[in-house]
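Please read the following briefing alongside the sequence and the coordinates. It takes up the ligand site and then the enclosed spaces.

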Amino acid sequence: MTSLVKRFPRHFAWGVATASYQIEGAVNEDGRGASIWDVFSHTPGKILHGDTGDIACDHYHRMREDVNLMSQLGISNYRFSISWPRIFPMGYGQKNSRGLDFYDQLTDQLLQENIEPLVTLYHWDLPQALQEKGGWINRDTAFYFRDYAVTVFDKLGDRVHNWITHNEPWVTTVAGHIQGRHAPGLKQPNVARKVAHHLLLSHGLAVESYRDMGKGRIGITLNLHPVYPASSREEDLTAQQLHDAFHNTWFLDPVFTGTYPEELDEILPFDNDFIAEGDLNLIQQPLDFLGVNYYAPHRVRWNPDEISHASLVILPEEPITSMGWPVDAKGLTDLLIRIHYDYGPIPIIITENGAAYEDVVEDGQIHDALRQHYLEMHWDALANSIEQGVPVHGYYVWSFLDNFEWALGYSKRFGIVYVDYLTQQRIVKDSGLAYSRFLREFYEYH
Ligand SMILES: OC[C@@H]1[C@@H](O)[C@H](O)[C@@H](O)c2nc(CNc3ccccc3)cn21
């Protein structure tokens, strides 16, 4: 392990990540408005076991304890998201000062513990009031997002200098509007291109506003996968191209080149009546970094019945996590090198990487060797990327705490800290202790 710390630059930002709806709870407190995830999780049949984020990790009431635990573990960077409906219960208009106060106090607590905040403005919890006006299908939502971002920049921008506009707009678009397995639960492929465009437009508007207000760094986080063909057959190579457009270049291209990939039109044709003059220039705002959420590669075979014309292939004997995702750290290196050579030397931050496994509490401990091994393999792959010239500036474990895993509720645990949801007790897992030891070695070496 010690040799690993030498392979990362001195100012590399090691951290942990969470998201508001997944950990906060307190959904009806201090003036918070409803989000689309409150509505979705309370809709029968949408979430495994009928779980909701009503309480989650009760982080809204345990914030100081949680920040203190990060500090005890030697964590010096924390990525969290802000709940838009805590700030604007109706999505726009009347601000909720008690909602702003929570994030103000969280920021101050982090800085007191010498933990650098990385703030995500949108991690899927759209105010329900905006969904009732069309949500991301409505172009107005992009401008409401800009106004929300400006309000948060104004409140926290003197102390928060690292910002992410959106977490995984692909998931909001596809899981939320095509597959229906995420909020708002729509199955309308014909609106997907418009939803993605409005999400990207809101990103560009927020970045443009930040350039007038702030002196820090701002980027976007995309969930990206290297895409490998299952064979060298022509149809599998075609599947690779279309799947890559659907999962990766649909969002990478507009953000970095101001264009949409032509391959996408084969699988999601659209009449571009929703693209206004200047939109793509706005979306292509220069960024300070690209956030990459990496969990696993995609190996694909041709399947015209799938929207991307590709099905995922899991090789026999290939190790998988309890999400069914392959464990392949080299995929991270392959992905970062591709981004670097296709989109230029944009600084990269791994804003999420982690694994869910079945955790068992034994004598008050959790011996999660598989998760620890997963993480260490990916740190090695990240070092390989840096050694091959990719400017990686940070890495955030998903997640600090076990939390509400969207449609899977509390059935999947990604945390390096175990949460007993009956008692809200936090127990640092072996992977969390290993991370702490690694961080200590890193800071001692540098
Ligand atoms: O699933 C684990 C995490 C999730 O808890 C985070 O909120 C989210 O940002 C997140 N993104 C991925 C990777 N992308 C993905 C999204 C939907 C289905 C499968 C993978 C994993 N995760």
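The points below are grouped by topic, beginning with confidence.

This is a predicted model, in which the protein chain averages a pLDDT of 97 and 100% of the residues score at least 70. The space taken by the ligand is the largest pocket, and 16 residues surround the ligand there.

**Confidence**
- For the model, the ipTM is 0.98 and the pTM is likewise given as 0.98.

**Ligand surroundings**
- Among the residues that surround the ligand, the closest are Q22, H123, E168, E352 and E405.
- Sorted by class, the shell around the ligand comprises 7 nonpolar residues, together with 5 polar and 4 charged ones.

**Polar contacts and burial**
- On the side of the ligand's oxygen atoms, one lies 2.7 Å from a polar side-chain atom of Q22, and an N or O atom in the side chain of E405 is 2.7 Å from an oxygen atom of the ligand.
- The side chain of E168 places an N or O atom 2.6 Å from a nitrogen atom of the ligand.
- The ligand taken alone exposes 480 Å², of which the protein buries 91%.

**Cavities**
- The structure contains 3 cavities of 30 Å³ or more, and the largest cavity holds about 50 Å³ of space.
- The lining of the largest cavity is made up of I36, W37, Y122, W124, W136, V171, T172, H177, H182, A183 and P184.

How values were computed. Residues numbered from 1 in each chain as written. Predicted model: local features only at pLDDT ≥ 70, side-chain atom pairs only at ≥ 80, totals over all residues. Heavy atoms only, no water. pLDDT = per-residue confidence, 0-100. Near = heavy atom within 4 Å. Polar contact = N/O pair within 3.5 Å; in protein donor to acceptor, adjacent residues only side chain to side chain. Areas by Shrake-Rupley, 256 points an atom, 1.4 Å probe, with all protein chains shown as cover. 1 Å grid on protein atoms, 1.4 Å probe; cavity = no way out; pocket = protein on both sides within 12 Å on 5 of 7 lines; lining within 4 Å. Sits in = over half its atoms within 2 Å of the grid points. Nonpolar A, V, L, I, M, F, W, Y, C, P; charged D, E, K, R; others polar. Points joined across faces, edges and corners; volume = space filled by probe spheres on them.
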